[in-house]
Structures are given as structure tokens and as C-alpha cells.
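Here is a briefing on one structure, grouped by topic. Look it over first, then read on.

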Amino acid sequence: MEMWYTEKHTEHAGITLRVSRTLFSGKSPYQKLEIVETEEFGRMMLLDGLVMVTERDEFVYHDMITHPALFTHPNPRRVLVIGGGDGGTIREIVKHPQVEQAVLCEIDGLVIEKSIELLPSLACELQGNPKVKLHVDDGIAYIKKHTDSFDVILVDSTDPIGPAVGLFEEEFYRTVFAALKSDGIMVAQSESPFFHADIQKKMFSNLRAVFSIVEMYQASIPTYPSGAWSFAFCSKKYHPVEDFDRSRAAERPFETRYYNEDLHLGAFMLPTYVRQNLAIESA
Ligand code: AG3
């Protein structure tokens with residue numbers, strides 16, 4: 001029997017992948033978690049039916065949520081991930097030699113547990129790395145307790161439905177601002193410019209109310225809605241293009257499959273429809 005899974009992206013469009021078997025399906029107090037084997041994209045994690053990661057294209061997302069901020073900040077020593085229980089973002093952070101501590105604050109312990117068990121290529125640094133600290137806690141509550149503490153905060157959330165709603169609000173961004181040091185940077189995944197223009201408009205206006213530097217950048221992620229995906233780069237001091245040290249990124253001491261020093265700059269160059277939605281004046 002053939003099994004196909006569809007995530008609907010709008011009422012009338014979606015992505016369909018052939019699934020060979022289900023490895024885990026269960027409910028936590030927060031959401032439904034499924035990990036399945038797909039024919040085309042390897043193992044895939046779904047939360048409440050939405051594609052979170054696949055083994056085949058996760059490198060794009062995890063390179064791009066991590067490296068632009070960590071190569072813009074001249075000395076990222078303490079880095080916090082909010083969400084990101086699969087471990088992919090932590091795996092990329094600890095590749096940076098300046099990082100002394102990488103803290104993961106994930107609300108759902110089941111996501112961490114099942115990622116360690118079934119997605120080892122993502123979760124490989126969640127156990128046994130002395131630089132990595134795990135907290136199963138609500139990210140909003142956690143950062144309220146930590147002011148002036150982090151060089152970089154990466155918000156690796158799901159869509160703004162269910163447990164992640166609060167992670168798109170101005171009040172949360174104010175708390176992140178306070179949790180960052182005086183030259184801190186926050187990056188948050190910011191949905192699809194193609195399908196989520198309204199969410200982005202609101203999100204970026206919330207961000208601009210809090211941070212002086214707010215820039216969107218893009219990456220192509222095949223299994224996410226429309227494939228056109230984006231991130232919000234928010235900073236107190238360093239600009240991701242003007243203050244970018246190209247040679248430090250070019251001489252990175254690890255390999256990347258998506259990120260590179262040219263793409264870092266290119267990713268911030270936005271198509272006209274995206275600029276218009278965010279009301280960005282052309283240079
Ligand atoms: N976080 C972003 C997932 C958003 C995808 N949305 C969707 N499929 N509708 C992924 C977590 C990876 N660490």
C-alpha cells in the first residue's frame with residue numbers, strides 16, 4: 001500500500017511526500033509529534049501535522065538560522081536557542097570556536113527525547129557536549145530570568161499557532177532585547193514571504209518597535225511552504241551587511257553545505273515583492 005503525507009500550505013496548495021513508515025507518533029502536553037521515514041527526504045519530523053525538519057534539507061535551515069548571526073557578531077560566546085528541540089541549531093552553534101556555552105530552551109521534552117532517539121544526525125550535540133545546556137522550559141519564562149546574558153539568541157520556532165504564538169509578539173521581543181548583551185543579536189525564523197506576507201508584516205513591525213537594526217534574509221527550503229523561507233536578523237549594534245567580516249566567514253574552520261561568505265551578503269538582498277510588503281525603501 002502506498003502512503004503519502006500532505007501538509008496543506010493554504011486551502012488550495014500543499015506539499016505531498018511519499019512515506020514508507022511511521023517511526024513515532026504520539027502526543028505531548030503541547031502538541032502532536034510524528035517522525036516518519038520519507039522516500040525522498042529521509043526522516044521527517046512533524047509537529048501538529050506541520051513539517052519541521054527533514055534529514056535531506058535541514059542543512060539549509062540550520063546553516064541559515066545560525067551562521068549569519070555568528071559570523072556577524074565578532075565574539076559570540078554565549079548563545080541561546082529558544083525552541084529547536086531537534087538539536088540542528090545547537091549542532092551548528094558549537095562548530096564556532098568562540099562559543100563557550102550553547103543553551104537550548106525547548107518547551108517540549110518529548111521533541112528532545114525523540115530527536116535524540118530517531119534523528120541522531122540533528123541531535124548529535126544534545127548529549128555529552130560540556131558546552132551544551134538543556135532546559136525543558138517555556139522560552140518566554142526562561143529569558144525573563146536572564147537579563148544581559150547572551151551574545152546571540154536564535155528563535156527556532158514553529159509557525160505562530162499553538163505553543164509558538166507568543167514568540168511572534170512585541171512583548172516577547174522586548175524580553176529578548178533585555179536578555180541580550182549591549183551588542184547582542186537575535187535571529188528568528190520568519191516564515192514564507194510568499195505565503196505568510198501578513199504574518200511577516202506584523203512580525204517585522206513588532207521587531208522594529210524594539211530593535212534599531214532589523215533586516216530580513218532569505219533561504220530556499222524545499223519542504224517548507226512555497227520553498228521561499230526567511231529569517232529576521234535583529235541587532236543592537238552590528239549590521240549584518242555593513243559590519244560583516246567577510247574574511248572570517250571565508251576562513252571558517254568547518255564545512256557548510258549552504259552558507260558561505262558570498263551567500264551571507266546575497267541572502268539579505270530582497271526581491272521587490274518582499275521589500276514592498278515590509279515597506280523597505282529601495283537604496
Ligand atoms: N522550525 C520552523 C518550521 C516552520 C515550518 N512551517 C511549516 N512547515 N508550516 C523548524 C525547526 C527546525 N529546527
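At the start of α3, a side-chain oxygen of Asp108 comes to within 3.1 Å of the backbone nitrogen of Leu110. The model is predicted. The points below begin with that helix, then turn to salt bridges, the ligand and single residues.

**Helix α3**

- Helix α3 spans residues 109-118.
- Its buried residues are Leu110, Val111, Ile112, Lys114, Ser115 and Leu118.
- Several strands help to cover these buried residues, including β2 (14-27), β3 (32-38) and β4 (42-47).
- The cover also includes β7 (101-106), α4 (120-123) and β8 (132-136).
- Leu110 thus appears twice: its backbone nitrogen faces the side-chain oxygen of Asp108, and Leu110 is among the buried residues of the helix.
- Within α3, the side chains of Lys114 and Glu117 form a salt bridge, at 2.9 Å from N to O.
- These two residues sit three apart in the helix, about one turn.
- An α-helix has 3.6 residues a turn, so residues three or four places apart point the same way.
- Lys114 counts as buried because its relative accessible area is 11%, below the 20% cut-off.
- Glu117 counts as partly exposed because its relative accessibility is 48%.

**Other salt bridges**

- The whole structure holds 15 salt bridges.
- Side chains of opposite charge can pair when their charged atoms come close.
- Arg43 and Glu37 pair through their side chains at 3.3 Å, N to O.
- Are Arg43 and Glu37 buried or exposed? Both are buried.
- Asp151 and Lys181 also form a salt bridge, with 3.4 Å from N to O.
- Asp151 belongs to strand β9 and Lys181 to strand β10 (residues 180-189), so this pair ties together parts 30 residues apart in sequence.
- Asp151 has a relative accessible area of 3%, so Asp151 is buried.
- Glu58, Arg91, Glu92 and Lys95 are joined in a salt-bridge network.

**Ligand site**

- There are 13 residues around the ligand.
- Which of them come nearest? They are Glu7, Val51, Asp86, Asp156 and Asp159.
- An N or O atom in the side chain of Asp86 is 2.6 Å from a nitrogen atom of the ligand.
- For Asp156, an N or O side-chain atom is 2.8 Å from a ligand nitrogen.
- Tyr61 places a polar side-chain atom 3.2 Å from a nitrogen atom of the ligand.
- The protein buries 98% of the 400 Å² that the ligand exposes when taken alone.

**Ser157 and its contacts**

- Ser157 lies in the loop between β9 (150-156) and α6 (170-179).
- Ser157 is buried because its relative accessibility is 10%.
- Leaving aside residues up to four places away in sequence, Ser157 touches Tyr61, Ile82, Ala164, Leu167, Phe168 and Gln189.
- One of these contacts, Tyr61, also has the polar side-chain atom 3.2 Å from a ligand nitrogen.

**Val214 in strand β11**

- Val214 is part of strand β11, residues 213-220.
- Its relative accessible area is 12%, so Val214 is buried.
- Not counting residues up to four places away in sequence, Val214 touches Phe204, Leu207, Arg208, Phe233 and Cys234.
- From Val214 to His239, the C-alpha atoms are 8.7 Å apart in space, and the residues are 25 apart in sequence.

**Positive phi values**

- Ser226 has phi near 70°, a positive value in a residue other than glycine.
- Ser226 is placed in the loop between β11 and β12 (228-235).
- Ser226 counts as partly exposed because its relative accessible area is 35%.
- Ala279 has phi near 55°, again positive in a residue other than glycine.
- Ala279 is located in the segment after α10.
- What is the burial state of Ala279? Ala279 counts as exposed, because its relative accessibility is 57%.

**Surface patch**

- Phe194, Phe195 and Tyr273 make up a nonpolar patch on the surface.
- Together these residues have about 300 Å² of accessible area.
- Tyr273 lies in helix α10, residues 272-277.
- Tyr273 counts as partly exposed because its relative accessibility is 37%.

Terms used
Residues are numbered from 1 along each chain as its sequence is written. This is a predicted model: local features need pLDDT of at least 70, side-chain atom pairs count only at pLDDT 80 or more; totals for chains, interfaces and linings use all residues. Side-chain values use heavy atoms; hydrogens and water are left out. Patches are made of residues with over 30% relative accessible area and no salt bridge: like charges are joined within 9 Å, nonpolar side chains (Val, Leu, Ile, Met, Phe, Trp, Tyr) within 5 Å. Accessible areas come from the Shrake-Rupley method with a 1.4 Å probe; for residues, only the protein chains shown count as cover. A salt bridge is a side-chain nitrogen of Lys or Arg within 4 Å of a carboxyl oxygen of Asp or Glu. Helices (H or I, at least four residues) and strands (E, at least two) are DSSP runs, numbered from the N terminus. Buried means under 20% relative accessible area, exposed over 50%, partly exposed in between (1.4 Å probe, protein chains only). Contact means heavy atoms within 4.5 Å. A residue is near a molecule or strand if one of its heavy atoms lies within 4 Å of it. A polar contact is a pair of N or O atoms within 3.5 Å; within protein, one must be able to donate a hydrogen and the other to accept it, and residues adjacent in sequence count only if both atoms are side-chain atoms.
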